[in-house]
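Got the model open in your viewer? Let's take a walk along the place where two chains meet, then stop at a couple of cysteines.

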Amino acid sequence: MKKTNLKFEEAMQKLETIVSNLENENIGLDEALKLFEEGKILSDFCKETLDKAKKKIEIIKMNDKNSFNLEDFK
Amino acid sequence: MNKKVQNFKNENKNYQFNFNFIDSENLDNLNNLDKNQSQTTSKNLLDRNARHIYKVSEINSIIKETLEKDFLSIWIEGEISNSKLNFSGHFYFTLKDNLGQIKAVMFNSLYSYLKFIPKDGMEVIVKGSLSCFIKGGTYQINVLYMEPKGKGALLIAFEELKKRLEKEGLFDKTHKKPIPNFVNKIGVVTSPTGAAIKDILTVLDRRFSNLHIIIYPSKVQGEDAKFEIKKGIEFFNSWAEKVDVILVGRGGGSIEDLWAFNEEMVARAIYNSKIPIISCVGHEIDYLISDFVADLRAPTPSAAAEMLIKEKQELLNNIDYLSNSINNLMDNILKINFLKYDRLNFFNIIKLFDKFFNNLCQNFDYFSSEFFENFDTIFNKKIVDYEIKINKLLSLDPKKILALGYSVIKDKNGNFAEAKDLLIGEEIEVCTKNYILFCRLISKEKIYK
């Protein structure tokens, strides 16, 4: 499936536009299919982006002024 | 003057002595009281032939009158003990030092505006007026104002800084950055062992876990706290791995404990942050400087976490809703469009099928079973009718169909046109393999029913 280069928020906005366009009953089939396809890509992308982030809690350990480590926080 | 009067006066002097911290205005009052009292008393004594016997209520009411008139506005310092907040919100307590005590009350209407919570053992300075109860022979101070002892300076500093920064525009709404709807990475500047981080993580566990939290460990009270909080904010701003939002906060505590969040250094670090900041210090009632400067103020660290996490859950719901809408709408559009095709239209059917099957393959599960049933009944017949031709053409793309000698008719605006919709005399475009023919429709004849 094609990918999108949009940011999450832009994708969400576009998704909303697509839905409101599809709500127009006079829309041509051609355009509808195009929008549908795009909408699928966008919603999958949005979900994926949300799902990708897993719970991760880390704490910064400063070594000196210029370097630090990330350690798991318990 | 007889001895009794002398005693009364002496007592009065002792009384005055006990209140030796009364300001000069009250001292004058007291001197006047002294004079007045002796005069009235002497007069009474003369009238009653030297031996005057007061009724208890009588002497109490004289005392009441005197106290209330002459101690209208006094300052007292002492330690709170035996405090009790009654059900209607009035705060009763005893003010004491190591030699004495006085009952005190602060009524709800004033108590509720206090910027701190007075507790037993706390040293305070109060301003108020004395009142006396004739029935019980007791007196108390009605407290009009109270400040923690030694904290006056802090509060003054707070007000001064607040005014100055406000004037400078640090609290301006126009400078506030919106908190992003979509938060993936959260930077937290707080103590790793404090209540704030525990609260935030508890909320995460309970509600939604797909987040990346990075803690910048910092002291949140004491002299070093302001430096470390500032460093934490600057760290997240300079870090290549951008966080979406920064939480700066700690659990609740006394005003001194929270003081770092009232420091100008911290306020400026918040103001200069490119990343939106939520100030979340566990102190639901009071506002700190950090609350005014931050892009958003949460009353507690848990509340901040809930704000962010709720947004994310809402987003997920929203995506689901939009995605379902798209599927349902497309379902409908396909149904409507298939119904329109009541006669052979190779180009459109092929195009449609091409896309439809492609989508079907990709998004099989998004179409309802109901749709397939309808699809079967409505179109099976037609599909059988044209099966051979369609199968033959299905393997071809639209250009190849044109190459076979078919053509596509569009109206003058370039939209696909159906013959039934075209009017005699209308300008049309006929698209063939290599040419577009611009034509005018001379006549039309219906050949299929």
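Select the interface of chain B and chain A in this predicted model: five residue pairs are in polar contact across it, with both partners at pLDDT 80 or more. Next, color chain B by secondary structure. Helix H6 (195–207), strand E7 (212–217), helix H7 (225–238), helix H10 (301–340) and helix H11 (346–362) of chain B each put at least two residues into the side that touches chain A. Which of them gives the most? Pick H10(B): that helix leads with 16 residues.

Now color that same side of chain B by residue type. You get 28 nonpolar, 13 polar and five charged residues.

Zoom out and show both partners together. Chain B brings 46 residues to the contact, and chain A brings 38 residues. Turn on the surface if you like: the two chains bury about 3900 Å² between them, with 71% of that on carbon and sulfur atoms.

How many salt bridges are there between chain B and chain A? The count is one. To find the salt bridge, select Lys47(A) and Asp320(B), whose side chains meet at 2.9 Å, N to O.

Last stop, the cysteines. Select Cys46(A): buried or exposed? Cys46(A) is buried, at a relative accessible area of 0%. Jump over to Cys132(B), which is buried too, at 6% relative accessible area. Don't go hunting for sulfur–sulfur links, though: a search of the whole structure turns up zero disulfides over all chains.

Key: Residues numbered from 1 in each chain as written. Chains lettered and ligands numbered in written order. Predicted model: local features only at pLDDT ≥ 70, side-chain atom pairs only at ≥ 80, totals over all residues. Heavy atoms only, no water. Disulfide = S-S within 2.5 Å. Buried < 20%, exposed > 50% of the residue type's maximum accessible area, 1.4 Å probe, protein only. Contact = heavy atoms within 4.5 Å. Buried area = accessible area lost by both parts, 1.4 Å probe. Salt bridge = Lys/Arg side-chain N within 4 Å of Asp/Glu carboxyl O. Polar contact = N/O pair within 3.5 Å; in protein donor to acceptor, adjacent residues only side chain to side chain. Helix = DSSP H or I, 4+ residues; strand = E, 2+ residues; numbered from the N terminus. Nonpolar A, V, L, I, M, F, W, Y, C, P; charged D, E, K, R; others polar.
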